[in-house]
Amino acid sequence: MDMFKNLNGKKLVLGLVHLLPMPGTPLYEEGNLEKMTEKAIQDCKTLQNAGADGGLIQSVDVIYPSTDDTDYARVATLAMIAGRVRAAVGPDFKMGVQLMWNCITPSLAVAKATGADFTRCTALVSSTDSMFGRVYAEPLKVMEYRKKIDAQSVGMISEISGYHFKGDYDKNTLQNLAASSIKVGASAVEVMNGDFEMNERLVKDIKELGDIPVILGGGTSAENCKERLRYADGALVGRAFEGGKWGGPIIESIVAEYVKRVRELEKELA
């Protein structure tokens with residue numbers, strides 16, 4: 001079942017689990033495979049122990065393809081790691097997988113093979129600039145492949161304004177991106193803006209369309225999560241859970257405090 005359906009006021013806390021450069025990429029170093037497998041398992045167990053709902057295991061290869069396709073070694077590596085994580089945390093932990101920059105169909109394949117619950121899409125609809133070239137969405141390809149491998153239960157978060165999907169959007173454009181994302185199979189949309197008022201406006205604009213789950217793609221911390229998550233349905237949290245050291249180990253006490261405040265917010269809004 002799609003994890004983003006029927007949230008009923010629950011706000012998802014999802015940690016970002018950052019890996020090391022993978023085999024098949026220019027910056028891979030011998031030993032990375034063992035190190036990042038151990039890190040992914042430990043980070044996800046830390047998230048689980050601290051009460052987070054899940055984690056997104058994300059490739060960090062520094063230099064990325066801008067297309068939907070990628071090297072077989074990256075797919076195999078992420079599948080191996082995700083399988084080890086799933087065995088360590090059990091079926092209830094919401095595990096996501098993402099091959100960056102916009103490798104949606106390979107990520108769906110990994111999710112299907114490992115029992116992952118969701119993936120994150122940099123550009124499921126429209127297009128965006130990146131340091132690695134223009135990223136063009138291929139929604140028909142994604143929809144056909146998702147159906148082919150029977151991955152309809154794998155949730156898809158569609159980023160439409162944030163770290164990776166860039167642009168200054170007016171309300172109509174934002175709402176069109178959100179509606180189009182849902183039409184082609186997204187379970188939720190992702191937004192993020194460092195400015196609090198703009199971040200809140202993005203969420204409210206999307207909520208005008210109806211019950212579309214909105215996930216914040218950054219910008220939250222234990223200190224501000226109650227304010228930033230008031231209208232959103234969850235958050236992907238990276239640097240804040242790593243104690244400000246991007247790519248470092250996730251720190252249990254920070255996650256626990258964040259989760260505590262989010263659960264307080266849920267009760268306040270109930």
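Which residues of the largest nonpolar core touch the most other members? The predicted model is shown in the close-ups below.

**View 1. The largest nonpolar core has 70 residues.** Ile57, Val85, Val191, Ile206, Leu229 and Tyr258 touch the most other members. Apart from this core lies another, of 12 residues. Phe4, Phe118, Ile157 and Ala188 are among them. In soluble globular proteins, nonpolar side chains tend to be buried together.

**View 2. Leucine 229 is in contact with residues on both sides of its sequence position.** Residues up to four places away are not counted here. Earlier in the sequence, Leu229 touches Lys11 and Leu216. Later come Gly234, Ala235, Tyr258, Val262 and Leu265.

**View 3. Threonine 220 makes a side-chain polar contact with tyrosine 258.** The distance between the two side chains is 2.7 Å. Threonine 220 sits in the loop between strand E9 (214–216) and helix H7 (225–228). This threonine is buried, because its relative accessible area is 7%, under the 20% limit. Neighbours within four places aside, Thr220 is in contact with Arg228, Ala235, Val237, Ala240 and Tyr258.

**View 4. Helices H2 and H3 cross at roughly 35°.** H2 spans residues 72–89 and H3 residues 104–114. Their axes come within 9 Å. The crossing is right-handed. From H2, the residues Val75, Leu78, Ala79, Ala82, Gly83 and Arg86 take part. They meet Pro106, Val110 and Thr114 of H3. By type, the contact has 6 nonpolar, 2 polar and 1 charged residues.

**View 5. Threonine 37 is a buried residue of helix H1.** H1 runs over residues 32–49. The relative accessible area of threonine 37 is 5%. Leaving out neighbours within four places in sequence, Thr37 is in contact with Met80, Ile81 and Arg84. Leucine 20 is 17 residues away in sequence, and the C-alpha to C-alpha distance is 9.3 Å.

**View 6. Methionine 100 and tryptophan 101 are joined by a cis peptide bond.** Omega is about 20°. Tryptophan 101 belongs to the loop between strand E3 (94–98) and H3. Most residues other than glycine have a negative phi, and most peptide bonds are trans.

**View 7. Asparagine 6 has a positive phi, near 55°.** Asn6 lies in the segment before strand E1 (12–18). Asparagine 6 counts as exposed because its relative accessible area is 58%, over the 50% limit.

**View 8. Serine 126 has a positive phi, near 65°.** The loop between strand E4 (118–121) and strand E5 (127–128) holds this residue. Serine 126 is partly exposed, at 43% relative accessibility.

Terms used:
Residues are numbered from 1 along each chain as its sequence is written. This is a predicted model: local features need pLDDT of at least 70, side-chain atom pairs count only at pLDDT 80 or more; totals for chains, interfaces and linings use all residues. Side-chain values use heavy atoms; hydrogens and water are left out. A nonpolar core is a set of buried Ala, Val, Leu, Ile, Met, Phe, Trp, Tyr and Cys residues joined through side-chain atoms within 4.5 Å. Buried means under 20% relative accessible area, exposed over 50%, partly exposed in between (1.4 Å probe, protein chains only). Contact means heavy atoms within 4.5 Å. Axes are lines fitted to C-alpha atoms, for helices over the stretch in contact, and angles run from 0 to 180 degrees between N-to-C directions. Helices (H or I, at least four residues) and strands (E, at least two) are DSSP runs, numbered from the N terminus. A crossing is left-handed if the near helix is turned anticlockwise from the far one by less than a right angle, and right-handed if clockwise. Ala, Val, Leu, Ile, Met, Phe, Trp, Tyr, Cys and Pro count as nonpolar, Asp, Glu, Lys and Arg as charged, and the others, Gly among them, as polar. A polar contact is a pair of N or O atoms within 3.5 Å; within protein, one must be able to donate a hydrogen and the other to accept it, and residues adjacent in sequence count only if both atoms are side-chain atoms.
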